[in-house]
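Here is a short briefing on one protein chain. Sheets, a few helices and aromatic contacts are taken in turn.

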Amino acid sequence: MLRFTLLLAATLVACGSPGRNDGGNPMNESAGETAMTADAGKTQDATYDLPGYAVYGEDGRLWVFRDGSQAHESFLEKGEPAKRVTLVAAGPDGKTLYGSDTQVLKGYTDAYAYRLPGFAVFGTEERLWVFKLGSKDLEEYLTKGEPAKRVTLVGAGPDGKTLYGSEKEEMESYAKSMQYRTHGFAVIEDDGRLWVFRTGSEGLASYLEKGEPAKRVSLIGIGPDGTTLYGDDKEHMHDFANTWKHRREGFIVVGDEGRLWVFREGSRHYDDFVASGEPAKSVTRVGAGPDGLTVRGAEEAVVEDFVAPHLYAQPGFIVVSDDGRLWIFRRGSSNYQMFRAKGEPAKRVTRVGAGPNGKTIMAVDQEVLDDFMAGEKYGSAGFVVIGDEGRLWVFKAGSKSYAEFLEHGEPAKRVTLVGQGPDGKTLFGADIADLRAYIASAPIQ
């Protein structure tokens with residue numbers, strides 16, 4: 001088992017992406033219990049400090065140097081290095097960075113973005129140096145710029161970055177841990193086990209210091225891809241599992257006491273949540289989220305956009321809520337992939353107030369909207385009804401034939417009842433008895 005030792009006094013915060021200090025990937029190992037001052041107004045900033053770097057705050061900006069460098073010494077002595085470079089809004093929380101070397105500043109932004117509890121990370125071009133905190137190899141890197149032994153893992157790091165280090169096992173542990181970084185939680189892969197702690201918790205501090213929390217619990221098969229989770233608090237581990245399972249592009253999702261908090265990416269409301277544990281104002285939708293979870297947030301529109309795909313889901317379709325309107329795509333269609341990549345398509349059809357609960361619905365063509373609403377209109381308890389080019393596919397809910405349809409687009413056997421469905425619709429299915437049972441139970445139009 002890897003044993004992690006605190007090299008530095010740790011202030012554990014979280015990280016999502018470059019320029020954010022939030023609950024995505026929980027880590028900030030802060031050097032020094034007391035701030036050092038270069039001159040008036042420049043104070044060493046423990047919030048943004050990282051191993052191997054010296055970071056000073058000044059009027060909302062950050063000065064960044066490699067710790068012990070000549071430029072750092074000049075800064076401490078004179079309050080300014082001989083040469084100054086600036087990266088506007090490139091740092092954590094969108095802060096502007098000052099320093100004497102562009103590569104050092106860029107390396108710092110990578111190191112901050114990809115930090116992880118128990119590890120020291122250094123950015124350099126498209127690579128990351130990774131060491132276990134407290135290791136002899138880290139000390140050699142800081143003093144000599146290179147450890148005695150170097151291992152390279154090409155493209156194995158976050159965002160496809162190449163990893164450099166001295167111990168393959170430690171580097172692989174870092175890479176696997178980064179795959180599971182999640183807002184509000186510290187996740188560490190160690191010897192095949194996935195350890196999960198709430199950011200800033202006593203359990204995390206104990207694990208980093210001793211390699212094991214004071215109390216250990218495990219939850220079999222509830223983690224990503226059915227992994228077993230280890231930690232010190234079952235509720236926190238369940239909250240992580242919900243956070244991971246229901247994460248979604250464009251949203252920050254945090255599991256908390258069996259509920260989901262949701263915020264728009266980059267929202268100041270999430271920063272308030274991190275700072276105080278709850279935004280000043282909140283909206284709650286009881287049981288409206290995925291798996292019947294209660295969803296909370298600071299903005300009603302954001303909560304509505306998050307829950308809409310679950311409230312208005314129809315088999316065979318993808319629903320995306322955008323400012324209260326619903327975009328509808330066929331599952332597996334190239335139009336949906338283009339929408340994700342480029343935003344709104346050049347051509348679209350809109351029906352104002354014609355969707356479920358009076359929602360405005362939009363799609364790339366009218367047929368998609370007709371088929372989507374057919375499932376809403378002709379649905380019946382115990383059956384799955386899917387509109388397809390004006391006809392209806394009908395299956396018993398949970399049946400093997402429905403699973404085959406989802407996987408292959410067609411069941412192994414198909415039967416057809418022409419014009420015998422509601423409103424004279426033609427019915428497709430896998431079992432004649434199921435189709436007749438549906439006709440008997442279907443809503444009369």
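Which residues form one aromatic cluster? They are Tyr-48, Tyr-53, Tyr-108, Tyr-112, Phe-122, Trp-129, Phe-131, Tyr-141 and Tyr-164. The model is predicted. The notes below are grouped by topic.

**Strands 7, 8 and 10**

- Strand 7 (119-124) and strand 8 (127-132) pair in the antiparallel sense, over 6 bridges.
- Across this pairing, Ala-120 stands opposite Phe-131 of strand 8.
- Phe-131 is also a member of the aromatic cluster.
- The hairpin of strand 7 and strand 8 has 2 residues between the strands. There, Glu-125 takes a positive phi near 50 degrees.
- Strand 8 is mostly covered, with 5 of its 6 residues buried.
- Strand 8 also pairs with strand 10, in the parallel sense and over 3 bridges.
- Leu-128 has Leu-163 as its bridge partner in strand 10.

**Lys-161**

- Where does Lys-161 lie? Its place is the loop between strand 9 (151-153) and strand 10 (162-165).
- Is Lys-161 buried or exposed? Its relative accessible area is 7%. The cut-off for buried is under 20%, so Lys-161 counts as buried.
- Setting aside residues up to four places away in sequence, Lys-161 touches three acidic side-chain residues by name: Asp-110, Glu-125 and Glu-126 are among its contacts.
- Its other contacts include Tyr-114, Leu-128, Leu-153, Gly-155 and Ala-156.
- Two of these names appear above: Glu-125 has the positive phi in the hairpin, and Leu-128 bridges to Leu-163.

**Helix 4**

- Helix 4 covers residues 168-179, which is 12 residues.
- What span should helix 4 have at 1.5 Å a residue? The expected figure is 16 Å. The end C-alpha atoms are 17 Å apart, which agrees.
- Glu-170, Met-171, Ser-173, Tyr-174, Ala-175, Ser-177 and Met-178 are buried in helix 4.
- The buried residues of helix 4 pack against strand 7, strand 8, strand 9, strand 10 and strand 11 (185-190).

**The sheet of strands 23 to 26**

- 4 strands form an open sheet with mixed pairing. Their order is 23-24-26-25.
- Why is one side of strand 23 (383-388) and of strand 25 (415-417) left without a neighbour in the sheet? Both stand at the edges, each with a single partner strand.
- On average, neighbouring strands of this sheet are turned by 25 degrees against each other, direction ignored.
- Strand 25 and strand 26 (residues 427-429) run antiparallel and are joined by 3 bridges.
- Thr-416 has Phe-428 as its bridge partner in strand 26.
- Helix 11 (residues 400-408) packs on the sheet and touches strand 23 and strand 24. Its direction makes about 130 degrees with that of strand 24.
- Helix 10 (residues 366-378) lies across strand 23 and strand 24 (391-396). It runs at about 150 degrees to strand 23.

**Val-385**

- Val-385 has its place in strand 23.
- Its relative accessibility is 4%, so Val-385 counts as buried.
- Val-385 is in contact with Leu-392, Trp-393 and Val-394, among others.
- Further contacts of Val-385 include Gln-314, Pro-315, Gly-375, Tyr-378, Gly-379, Ser-380 and Tyr-438.
- Val-385 and Tyr-438 are 53 residues apart in sequence. Their C-alpha atoms are 9.5 Å apart in space.

**Aromatic pairs**

- How many aromatic pairs are there? The count comes to 39.
- Phe-65 and Phe-75 have ring centres 4.8 Å apart. Their planes stand at 40 degrees, so the pair is tilted.
- Phe-65 is in strand 4 (residues 61-66) and Phe-75 in helix 1 (residues 70-78), so the pair ties together parts 10 residues apart in sequence.
- Phe-65 counts as buried at 1% relative accessibility, and Phe-75 does at 0%.
- Phe-197 and Tyr-207 have ring centres 5.4 Å apart, with planes at 40 degrees, so this pair is tilted.
- Phe-197 belongs to strand 12 (residues 193-198) and Tyr-207 to helix 5 (residues 202-210).
- Phe-197 and Tyr-207 are buried.

**Charges over rings**

- The charged end of Arg-150 sits over the ring of Tyr-164, 4.4 Å from its centre. Tyr-164 is part of the aromatic cluster.
- Arg-247 lies over the face of Trp-244, at 3.7 Å from the ring centre.

Conventions. Residues numbered from 1 in each chain as written. Predicted model: local features only at pLDDT ≥ 70, side-chain atom pairs only at ≥ 80, totals over all residues. Heavy atoms only, no water. Buried < 20%, exposed > 50% of the residue type's maximum accessible area, 1.4 Å probe, protein only. Contact = heavy atoms within 4.5 Å. Expected span 1.5 Å × (residues − 1). Pairing = 2+ DSSP bridges. Axes fitted to C-alpha atoms, helices over the stretch in contact; angles between N-to-C directions. Phe/Tyr/Trp six-rings, centres within 6.5 Å; stacked < 30°, edge-to-face > 60°. Lys NZ or Arg CZ within 6 Å of the ring centre and 35° of its normal.
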